[in-house]
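Dear colleague,

I am passing on the structure below, and after it you will find notes on what turned up when it was examined. Please read them with the coordinates open beside you.

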Amino acid sequence: MANEEDDPIIQEIDVYLAKSLSEKLYMFQYPIRPASMTYDDVTHLSAKIKPKQQKVELEMAIDTLNPNYCRSKGEQIALNVDGTCTDETSTYSSKLMDRQTFCSSQAASNVSRYAAAIYRKGELHLTPLHGILQLRPSFSYLDKADAKHREREAANEAGDSSQDEAEEDIKQITVRFSRPETEQARQRRVQSYEFLQKRQAEEHWVHLHYYGLRDSRSEHERQYLLSQGHGMAENTELIKSPSEYLMMLMPPNVEEEKDKPVAPSNVLSMAQLRTLPLADQIKILMKNVKVMPFANLMSLLGSGTDSTAVLRCIQQVAMLVQGNWVVKSDVLYPKDTSSPHSGVPAEVLCRGRDFVMWKFTQDRWVVRKEVATVTKLCPEDVKDFLEHMSVARINKGWEFLLPYDEDFVKKHPDVVQRQNMLWMGIQAKLEKVYNLLKEHLTPKKQDGQSAHPLLVSGEQRVNMAKAKVKQNYGLLEKELQKQKAEGKANDSPSKMDISNVRIKEEPVSDEEPMDASAYESMNNGMVNGIHSEENSMDSLNGHLPGGCTDRVAQELKAFVMTTFKKQFVLTLSELKRLFNLHLASLPPGHTLFSGISDKMLQDMVLDTGCKQILVPFPPQIHAVSPDELKVYALWEAGDIYDQHRQVLLKIFTKNYRVRRNIIQHQLSQECGEDLNKQDVDRVIKDCCVSHAGMWYLKGTVQS
C-alpha cells in the first residue's frame, strides 16, 4: 500500500483496438542510414514483395549531390558493375551509384504480441502487426561486377585463339544414366539448403506502388490505424474480466509451443537441448563440436549435472585423445551411410578416421599424405577427418586442435586406463587391416613441438632421464667424487671395463639389473647415471661399494611401501614403469642409479608385506609379457579395511573377473552383514577396475 501511495495515478487513457489493417500492417526496421541518405529526402524508386515468404525488396535513391557523398567511389562502383557500355540492362544508367537496394528478413516469427500504436486526443489506438521485417543493404551489384569480369576474361581468351582453325575433331561423349532416387535420398534432397533456396527463388515477385509520407493516399490509409467506431461491438476484446485480461497478456506455455521458430533440422537451442536425456545431450554436443575438453562439456550441460554420469555417457560416444574427448567415428558415420565425396561406405570411413584418431594418441602431429597412403581414401575424406580434430600448420602438417588436458588425466586415472586399453584393441585391429609398418607405429618428433602423448613408451622415459642427467652434470661430478672417496676407504673391487655394458630385460641372473635403470651408453661416457673412467670404483650391475647396500635397500623399500599404499594392487610391469618415473625424478648420482635387478625389486615387494596374487588368466590371453601376468597386492596396510581387501584378493585367486554382487555377497559372509555400501565401494576402488560390467584386479584387463 505504501508503494501505491508513493506512485499515484496521474492520468487514465482509453485504449481502443483498430482491426482494419490487422492482416496487412508490417513494420519495417531500417538500418542506420549514411549521411547522404536522410529520412526526409529518401525516394523509393521501386518496391516488390514475395507474400508467402514475407520477403520485401526496396530500391531507394541516394542523394548524389550531398557533400558527404563520395563521387569518385560511386563512379568506380558503377564502372565495375556495368563496364564502359551503357544500355537498357545497365544497373546504373547515370554511370554513378545513385541507388541502394534493401532486402528484408523476418525479425520475429511470432508477432502476435506486437502492435502499432497512435496516441490522439487522449486516446491510444492499437493495431496488431502482421509482420516485422528488418531491411539490410543488398550487395547483389557486386555479383554482377564479378560476372562482368568473368565475361570479359572469357572474351579475351576466345579472341586470342586462332580464327582459321580447322573443323573441330569429333570427340567421344560418355553417356551416364542416373540411378533411381531412393526415398531416403529424396528426403535428404528436399531438406537440403540448396533445394530450399531453389524453392524460394521460384516464387514470383509482386511489384508494389510506393506512396510518400505526405501523399494523400498515405494520409487516407493512416486513418485506418484509428478505431473507426467507439461502440461496444468493435472493442469486445477489451471488455474482459481481470483474470481473462491477465491471461491475454501472459498466455500459457502451451500456446508458445504451438508456434516455435522455424530452424534447420540440425540446429538445436540450448533450451531445447536441456529438455533431452543426458545421453542425448552429450551425443548432440559431441556430434556438433567434434573435439571438447571435459571441463567445457560440464559447463555446457549446466550446473548440478553429475560428473560421474557424464563420464559414463561420454565414453559411449567419444574417445579420449590427449586428455580431450573426440567423437567416435560411428556417431558421425552411422551404418548404411556413405561418403558424400567418394561414396565409400561408412565402415571404411570409420576405420580411416579411427586411424587418424589413433595417430593423434601417439603424437601431436599427423601428416596428411601418410594418412592417405595408409587408408587409401580420397583426399577430400582424409581432409574431413583431419579438420574434425586438428588444424593445418604450414610446412609441419596437422596439429591436434586442443592442448593436452593434464588436469583431466590426473583426476581420472581409471578412465584414462580404460581408454588406453580400448586404444590398444583399436591399434591391433588397424595393424591387421592396414598391415602397418614399423614407421607407422613409431611416433615422429618434430622441432619445436611440445607433445603430451597419451601413451608414453619406455624409450621416451629413458630419453627424458638422459636429458635430466646432462642438465645436472655438475651435480653428477660432485657425487662422483664423494663415491670415489668412499671406495678408497673400503676394499676396492676389481677394475672392470663398462663401456659395452647393456641392461637386459628379464629373465636375467640375480645380479643383472632390470630396465628400470637402463640409460644405455651415452656420448659423454655415462652408464646408469655414473661417469665411467678407467680408475672408477663406482657401483655397477648390483655390485655396490661398501656402505651403499643399506642405503639402496632403504631407498627401494621406501619407494615400494609408498607406491603400494597408494595403488594397493600392481602388476610387475606397472611397478617397473612407476620405478622408471621415480628414477627420472631423482637427482643425478642417486644411490638407486647403482642398478636394481628384477629379482631385487620383487624380493623387496615381498619383504614389505605384499603378496603375489595368482590370478587365473584365461588361456586366450597371449602375446603379453610375463611381467603383466605377475600381480602383487599389499596384504596388510594397517587400516580397518585389511580384512575386506584380503577377502577380495582371495576371490581373484579363483576368478579372473567377477560381478559386483558376488564381491558384495562374499564380503558380507566373511565380514558380517552390517557392511555398508561405502565400505564395499572403498575396497573395490582400492583393488579393482571395471570394464564391460565386470570387475578385474588393477592392471589385469586385457583387450
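**What was found**

One aromatic cluster is formed by F294, W325 and F408. Please keep in mind throughout that this is a predicted model, so every value in this message is computed from its atoms.

To begin with the chain as a whole, the protein chain has 703 residues, of which 38% count as buried, and its secondary structure comes to 27 helices and 22 strands. Among the contacts in the protein chain with a separation of 6 or more, 69% are between residues that lie 24 or more positions apart. The protein chain exposes about 44000 Å², and 52% of that area is supplied by carbon and sulfur atoms.

W325, already named as part of the aromatic cluster, appears again in the largest nonpolar core, which has 55 residues and in which I282, M286, I314 and W325 touch the most other members. The largest share of this core is the eight residues that come from helix α14 (residues 346–362). A second, separate core holds 54 residues, including L575, V647, V689 and L697. Returning to M286, and leaving aside residues up to four places away in sequence, M286 touches M292, I314, V317, A318, W325, V326 and V327.

Two of those neighbours, I314 and V317, are among the buried residues of helix α12 (residues 307–317), where A309, V310, L311, C313 and Q315 are buried as well. The N-terminal end of α12 is capped by D306, which has a side-chain oxygen 3.3 Å from the backbone nitrogen of T308.

As for the sheets, one of them is an open sheet of three strands in the order β13-β15-β14, with antiparallel pairing. β13 (365–366) and β14 (390–393) are at its edges and each has a single partner strand, so one side of each is left without a neighbour in the sheet. The antiparallel pairing of β13 with strand β15 (residues 397–400) runs over two bridges, and W365 has E399 in β15 as its bridge partner.

The structure holds nine aromatic pairs, and two of them may be worth a closer look on screen. In the pair of F559 and F579, the ring centres are 5.1 Å apart and the planes stand at 55 degrees, so the pair is tilted. Because F559 lies in helix α22 (residues 549–567) and F579 in helix α23 (residues 572–584), this pair ties together parts that are 20 residues apart in sequence. Both F559 and F579 are buried.

The pair of Y656 and Y696, by contrast, is edge-to-face, with 5.3 Å from centre to centre and 75 degrees between the planes. Y656 lies in the loop between α25 (642–651) and α26 (660–671), whereas Y696 lies in strand β22 (residues 694–697), so the pair ties together parts that are 40 residues apart in sequence. Y656 and Y696 are likewise buried.

One charged-type side chain remains to be mentioned, namely that of D598, which is found in helix α24 (residues 598–607). D598 counts as buried because its relative accessible area is 0%, a value under the 20% cut-off for that term. The side chain of D598 makes a polar contact with the side chain of K576, at 3.5 Å.

With kind regards

Note on methods:
Residues are numbered from 1 along each chain as its sequence is written. This is a predicted model: local features need pLDDT of at least 70, side-chain atom pairs count only at pLDDT 80 or more; totals for chains, interfaces and linings use all residues. Side-chain values use heavy atoms; hydrogens and water are left out. Helices (H or I, at least four residues) and strands (E, at least two) are DSSP runs, numbered from the N terminus. Buried means under 20% relative accessible area, exposed over 50%, partly exposed in between (1.4 Å probe, protein chains only). Contact means heavy atoms within 4.5 Å. Accessible areas come from the Shrake-Rupley method with a 1.4 Å probe; for residues, only the protein chains shown count as cover. A polar contact is a pair of N or O atoms within 3.5 Å; within protein, one must be able to donate a hydrogen and the other to accept it, and residues adjacent in sequence count only if both atoms are side-chain atoms. A nonpolar core is a set of buried Ala, Val, Leu, Ile, Met, Phe, Trp, Tyr and Cys residues joined through side-chain atoms within 4.5 Å. Two strands pair if DSSP finds at least two bridges between them. Rings of Phe, Tyr and Trp (its six-membered ring) pair if their centres lie within 6.5 Å; planes under 30 degrees apart count as stacked, over 60 as edge-to-face and the rest as tilted.
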